[in-house]
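Please look through the structure below with its surface and its helices in mind. The paragraphs after it take up a few places in turn.

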Amino acid sequence: MSAPRVRFAPSPTGYLHVGGARTALFNWLYARREKGVFILRIEDTDQARSSKEMVEAILEGLRWLGIGHDEGPYFQTALRGEHERAALRLLEAGRAYRCFCTAEALDARRQAAEANGRAWKYDRACLALPPGDADRRAAAGEPWVMRFRVPEGVTEYDDLVHGPTRFQNSDIEDLVLLRSDGSPTYNLSCVVDDRSMRITHVIRGDDHISNTPKQILLHAALEAEPPRFGHLPLILGEDKKRLSKRHGAVSVIEYRKNGYLPEALFNFLALLGWSPGGDREIMTVAEMVEAFSFQGVGSRSAVFDHDKLLWMNGEYLKRRQAADLAGLVRPWLESEGLWSADLEDARKAWFLALLDLLKERCRLLPDLAGAARPFLTERFDYDPAGVEKHFTAGAAGRLIALRDALAALPSLDEGSSEAVLRDLAGRLDVKAAALIHPARLALTGRTVGPSLFAVMAAMGRDGVLRRLERAARVIEAPAGPRDAAQERG
């Protein structure tokens, strides 16, 4: 059996959204698993809505995700001559006919049928026209469209996802192949392109199921073997409605802008409707390729769980080397005025160690930039809930006592700072937590994070002392601790 040839065929009328990206990904995984060919075809026949900007956005989204194509991108408009020639062959063979019904006439007949409670499809009013009459009317300049003559019978195929699928041809309307301006329609163009590109498997969303019997019939009319078809379940929002803009960022590029990692979104999309078996969730690309099969693709709609994506992104962020993270987080640091050139040279080793310390509790790149702020500047806010809980009466005195005890050290490391704090807690007859919690808030503005003693070591002795003094001033200020969260350095 020859290697499979699959295609991803987006329309450049919008950005690459997660539904399209998932379709591209499943095609790519299948091609890689079976040592096949992944083809990118841009279906740009809707010239009024297509744009070069959208083409580039689609390509950019695929590149970012790491979904590379083996052939293409091909543009459907460049193949228009082939589409028109195929339509004329069908007309000459009697498998298509000219239709002169006006839009107004069709609409009137549709409304009449609906008024009588009947579903309506084209009534083949022009099928009975003698070919000579149709030719003369066309030559005289009367507008027409070309329709495919749907044969009698049943159209069946074995869907890669849904299994045996059957359509009554009597339910299929004689579809338009060429519009009145001579331009080919989607179904004709799609079939001709799939034939010319030798596509063996068409893997796409469930919303295309109604097109499949039409395309199988067109393949047969053109005396070609149809490809195998597989239809992926739709992606739903957490409200179980079809994923749309109201569910948040659905463009692939938006996820990049919001601080997600491409490998996390890749992994997440792969599991939207596909199960590799077992409890595996975090997988390498090689593992996904090895495990992929349509037996693992479910027929039920998949739910886009944002919390799971966030969790998965955090897992991948932990696995990234600090040197990679430095370049990725830089745009967020720059936008906050926190980036400085010495983070690439004089303080590079310190900065990379800091990222390794902070990444364990972060989920997005902006989270990492936010966690780094207290280490890069003394201008940061205190968490209001933390202020209410930990900047209480007596906390200022304990922070000053801690400041004085730490000042006696020549430098801070995790061991020495912990020993000093616990010794001070014993001398003050308080639990260590009475020092740890307000100290963490004083140093980072947060109530959770890495070990306080690791924070102290990364921040350095002088930075720790200044931040403890600042917090003590805030607590003792006349405005009181309630307004402490609003003070900036």
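A patch is made of residues that have over 30% relative accessible area and no salt bridge, with like charges joined within 9 Å. In this predicted model, a negative surface patch of that kind is formed by Glu238, Asp239, Asp305 and Asp307. One of these residues, Asp239, is found in the loop between β11 (235-236) and α8 (252-257). Its relative accessible area is 40%, so Asp239 counts as partly exposed, a class that lies between buried, under 20%, and exposed, over 50%.

Helix α1, by contrast, is a place to consider cover rather than surface, since 12 of its 16 residues are buried and the helix is thus mostly covered. Among the buried residues are the aromatic side chains of Phe26, Trp28 and Tyr30, and the list also includes Arg22, Thr23 and Asn27. The length of α1 (residues 18-33) can be checked as well: at 1.5 Å a residue its 16 residues should span 22 Å, and because its end C-alpha atoms are 22 Å apart, the expected and computed values agree. After α1 comes Lys35, whose phi is positive, near 55°.

A further helix, α15 (residues 384-390), holds Glu388. With a relative accessibility of 46%, Glu388 falls between the two cut-offs and therefore counts as partly exposed. How far apart are the C-alpha atoms of Glu388 and Ala115? They are separated by 68 Å, and the two residues lie 273 residues apart along the chain.

Technical notes: Residues are numbered from 1 along each chain as its sequence is written. This is a predicted model: local features need pLDDT of at least 70, side-chain atom pairs count only at pLDDT 80 or more; totals for chains, interfaces and linings use all residues. Side-chain values use heavy atoms; hydrogens and water are left out. Helices (H or I, at least four residues) and strands (E, at least two) are DSSP runs, numbered from the N terminus. The expected span of a helix is 1.5 Å times one less than its number of residues. Buried means under 20% relative accessible area, exposed over 50%, partly exposed in between (1.4 Å probe, protein chains only). Patches are made of residues with over 30% relative accessible area and no salt bridge: like charges are joined within 9 Å, nonpolar side chains (Val, Leu, Ile, Met, Phe, Trp, Tyr) within 5 Å. Accessible areas come from the Shrake-Rupley method with a 1.4 Å probe; for residues, only the protein chains shown count as cover. A salt bridge is a side-chain nitrogen of Lys or Arg within 4 Å of a carboxyl oxygen of Asp or Glu. Lys and Arg count as positive and Asp and Glu as negative; His and the chain ends are not counted. The place of a charge is taken as NZ of Lys, CZ of Arg, CG of Asp or CD of Glu.
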